[in-house]
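Open the model in your viewer and keep the sequence panel visible. The tour below goes stop by stop, with a selection to make at each.

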Amino acid sequence: MSDETTTTTPPADAPIEPAAGDAESLHHLEQQRRDNRDAVRALGVDPYGARTPGLMSLGDALSAYDQAADEANQASVAAQKQAKKDGAGEDDLPPIADDRPRVKVSGRVVLHRDNGKLVWINLRDDSAESFQVAVSKRDCEEIGFGVAKATDLGDVIAAEGPLMRTKTGEITVWAESVRPLSKCLVPPPEKRAGLSDVETRYRQRYVDLWATPDSMRVFKLRSRLIAAMRRFLDERGFIEVETPMLQTQAGGAAARPFLTHMNALDIDLSLRIAPELYLKRLLVGGMRKVYEINRNFRNEGLDKQHNPEFTVVELYEACGDMTSVCDITEDLIRALAGVAAEAQAIEGLTLPFGELNIDYGSPFERIRYAELFEREVGFPMTDTEKVRAKANELGLKTKDDRGNDFDDILVINEVFEAVAEPAIDPAKPTFVTHYPASLSPLTRPNPDDPTIADRADLFIGGMEVGPHYTELNDPDIQESKFREQLAGIDDEESTFRTFDADFIRALKVGMPPAGGMGLGIDRLVMLLCDQRTIRDVVLFPQMRPER
RNA sequence: GGGGGCGUAGCUCAGUCGGUAGAGCAGUGGACUUUUAAUCCAUUGGUCGGGGGUUCGAGUCCCUCCGCCCCUACCA
């Protein structure tokens, strides 16, 4: 294509053009970027860079600036200039003092201002949104200056030089050398507005992350929150484990699983819908406190609170109960709120979530199911006639698909979900405790009242964040509950309900009494990062394939 | 599943009553050694999501398909 490319390094990749079609079919913006890439090759450097030791993050480089050294340097430069003006000979000139820290940095080019003999470039990485590099024809070596001239927005480059402040006070690397690290052949988003088309943001997260600083901020905070969660649980003696994601029967929840097939054993497998039954087996095995942070998969609808794969922390504490795990959750979430507050430079533990200001600092509300029902609906849930009347008044479902009346408790729960649940103050994290036993088949009944299950659901910001249980550890009761669940449901549903005989066998071996909880981490991150949709806290949310 | 909205240059968007497509940024050429969304001069760039229809004429109206978003329904 061009003669000079034959002299560049490495020669092998110089003349390569895209596999699909000739240059004519390329978008002109991409062609111009390819031309700039050729210009870099013509300088004798590989536009795709190489190992670059000694790099500092942009954030670290910003804090490495030394004002005293910078001022001393400026003063000595001025002094020498003055001496020259006063006619001092070369030998009499005062020496230039330069103790300015020198840094080597790299980043994505987000701004590029070419002033002719002086090129200003702003870099971005995951530690700083903007870091300025000045490339002067006088002070930078020749190749580096050429690279700076041929740089496009979106390229990745490295620069090295002393740290100084410009006239306007911006900390800057006054580059002595510049090297390319990678070429951006795809025209980047608008430099100021960034990427705002949500579809492109989800499909091309690799652009979104560097072009949209908020996006990077959220995912960095997500990472910090999960790290803090591990630290919190590890400090309290919990053991982190990984249990099967591929299961012969997907148990531990009632949800539609994804199905697949294993060739070697010729068996059908499901992606797990919950780790619960395996974690309980570990309690049987003698782990006193276990947790797992991992993905669950549910083959159901997707909306702004549901992604088909979602991250959950599930935790079990031997010899604990619903209340003890609620306490752990409350302490954990308060600790995470502290991490989120610090990261967002917020004083205190009240964090914004859309219009809400959610108070994580005060003790979480705890209210019994029956109490909340009566408070919000106006009469006790035991008054089943009134409950049914209310359900009809609200137009709620009171019959199953075959036309049979729902059990009282199902109608009660319909009314509860329609009236009581929405009345929970979304700005106050709230545990709803003591659910009706028949709604929670895997939960141990309350010792004083067997119609009540020791289960508590945590609500924050109008979202269900996770359940807390006193776990059932009597194998005979568990077995009959499994059977009850399987009875009287239609064929389609029964496909997704399981009777896990090995789990019963494990309980027969003896599981200590236990408290267990599960938290939807994506939803928790939404709350703590003030993001209204799960797609903004999942790096690659599920999308329909592009065509 | 039902309802509503959106899709126009690489990006962010405007486009009136149906009259033959615009801006800013980016890009290209030129000037410029302390700029800050650099500035100044000149300038390229479009299958208006795809297909069909109505019309003398469609970005605009109708049908259909694709994709995304919101509401609603379903969902431990």
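Which of the residues around RNA strand B come nearest? Select Q32, R113, Q132, T168 and K191: of the 48 residues around the strand, these come nearest. A residue is near a strand if one of its heavy atoms lies within 4 Å of it. This is a predicted model, in which local features need pLDDT of at least 70 and side-chain atom pairs count only at pLDDT 80 or more, while totals for chains, interfaces and linings use all residues. Residues are numbered from 1 along each chain as its sequence is written, chains are lettered from A and ligands numbered from 1 in the order in which they are written, and side-chain values use heavy atoms, with hydrogens and water left out.

**The RNA surface**

Colour the surface near RNA strand B by class: 15 residues are nonpolar, 14 polar and 19 charged. Here Ala, Val, Leu, Ile, Met, Phe, Trp, Tyr, Cys and Pro count as nonpolar, Asp, Glu, Lys and Arg as charged, and the others, Gly among them, as polar. On the RNA side, 59% of the strand B atoms within 4 Å of the protein belong to sugar or phosphate, and the rest to bases.

Next, select D114, where a backbone N or O atom lies 3.3 Å from a base nitrogen of RNA strand B. At S136, a side-chain N or O atom is 3.5 Å from a base nitrogen of RNA strand B. At E300, a side-chain N or O atom is 2.9 Å from a sugar or linking oxygen of RNA strand B.

**The nonpolar cores**

A nonpolar core is a set of buried Ala, Val, Leu, Ile, Met, Phe, Trp, Tyr and Cys residues joined through side-chain atoms within 4.5 Å. Buried means under 20% relative accessible area, exposed over 50%, and partly exposed in between (1.4 Å probe, protein chains only).

Select L225, M229, L233, Y360 and L528, which have the most contacts inside the largest core, a set of 47 residues. Then show L233 with F238, Y291, V313, L315 and I328, which L233 touches (heavy atoms within 4.5 Å), not counting residues up to four places away in sequence. A second, separate core has 27 residues, including V40, F131, A148 and V178.

**V156**

Is V156 buried or exposed? V156 counts as buried because its relative accessibility is 18%. Add G107, R108, P180, L181 and S182 to the selection: V156 touches them, not counting residues up to four places away in sequence. Finally, find P467, which is 311 residues from V156 in sequence and 46 Å away in space, C-alpha to C-alpha.

Methods. A polar contact is a pair of N or O atoms within 3.5 Å; within protein, one must be able to donate a hydrogen and the other to accept it, and residues adjacent in sequence count only if both atoms are side-chain atoms.
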